[in-house]
Each structure stands twice: as C-alpha cells, then as structure tokens.
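Biologist: I am new to this structure. Please show me how to read its features one at a time.

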Amino acid sequence: MEEAQKSTGKYWIYFIIWLTILVGMLCMPQFRQFFWLALPGTVTSFAKAMDII
C-alpha cells in the first residue's frame with residue numbers, strides 16, 4: 001500500500017515562528033531564563049515538519 005503525501009507547510013510556518021521566538025528570547029537578557037519554554041515548541045514543530053512524528 002502506498003502512503004498518502006502529507007502537507008507539512010503549516011508545520012514549517014510554526015517552526016519559523018517558534019524559532020523566531022526562541023532567538024528573540026536568547027537575544028533579550030531579561031527573557032533569557034525563559035528560553036526553555038520555547039524549546040519544546042521549536043523541536044516539536046521541526047519534527048512534524050520533517051514528518052518524523
């Protein structure tokens with residue numbers, strides 16, 4: 001059986017948004033301790049965009 005192609009475009013958009021938030025938090029010293037809060041969203045959206053999960 002052949003697997004249907006999944007559209008991962010929205011997950012790439014989510015990944016770019018989360019990555020922007022992550023980099024923004026790293027650049028601003030007052031938010032640096034909250035870096036860990038953006039990390040799960042970044043990793044999960046990247047994994048979904050790559051169709052790993």
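**Reading the model**

Modeller: The structure holds 5 aromatic pairs. Rings of Phe, Tyr and Trp (its six-membered ring) pair if their centres lie within 6.5 Å; planes under 30 degrees apart count as stacked, over 60 as edge-to-face and the rest as tilted. In one of these pairs, Trp 12 and Phe 46 meet edge-to-face, at 6.0 Å centre to centre and 80° between the planes. Trp 12 lies in helix 1 and Phe 46 in helix 2, so this pair ties together parts that are 34 residues apart in sequence. Helices (H or I, at least four residues) and strands (E, at least two) are DSSP runs, numbered from the N terminus.

Biologist: Which kind of pair do Phe 15 and Phe 46 form?

Modeller: Phe 15 and Phe 46 form a tilted pair, 5.2 Å centre to centre with 45° between the planes. That pair also links distant parts of the chain, with Phe 15 in helix 1 and Phe 46 in helix 2, 31 residues apart. Trp 12, Phe 15 and Phe 46 form one aromatic cluster.

Biologist: What should I know about the source and the numbering?

Modeller: This is a predicted model, in which local features need pLDDT of at least 70 and side-chain atom pairs count only at pLDDT 80 or more, while totals for chains, interfaces and linings use all residues. Residues are numbered from 1 along each chain as its sequence is written, and side-chain values use heavy atoms, with hydrogens and water left out.

Biologist: Is Phe 15 buried or exposed?

Modeller: Buried means under 20% relative accessible area, exposed over 50%, and partly exposed in between (1.4 Å probe, protein chains only). Phe 15 has 14% relative accessibility and counts as buried. Trp 12, at 33%, counts as partly exposed, and so does Phe 46, at 34%. Buried residues make up 21% of the 53 residues in the protein chain.

Biologist: Which residues form a nonpolar patch on the surface?

Modeller: Patches are made of residues with over 30% relative accessible area and no salt bridge (a side-chain nitrogen of Lys or Arg within 4 Å of a carboxyl oxygen of Asp or Glu). Like charges are joined within 9 Å, and nonpolar side chains (Val, Leu, Ile, Met, Phe, Trp, Tyr) within 5 Å. Here Trp 12, Phe 46, Met 50, Ile 52 and Ile 53 form the patch, with about 510 Å² of accessible area together. Accessible areas come from the Shrake-Rupley method with a 1.4 Å probe; for residues, only the protein chains shown count as cover. The protein chain exposes about 4400 Å², and carbon and sulfur atoms supply 69% of it.

Biologist: Where is Met 50 placed?

Modeller: Met 50 is in the segment after helix 2 (35–49), and is partly exposed at 43%. Asp 51 is found in that segment too. The phi of Asp 51 is near 60°, a positive value in a residue other than glycine. Met 28 sits in the loop between helix 1 (9–27) and helix 2. The C-alpha atoms of Met 28 and Met 50 are separated by 29 Å, with their positions 22 residues apart along the chain.

Biologist: How many helices and strands does the protein chain have?

Modeller: The protein chain has 2 helices and 0 strands. Its radius of gyration (taken over C-alpha atoms) is 14 Å, well over the 10 Å that the globule rule gives for 53 residues, so the chain is more spread out than a compact globule. The globule rule is 2.2 Å times the number of residues to the power 0.38. Along its principal axes, the C-alpha trace spans about 50 × 15 × 10 Å.
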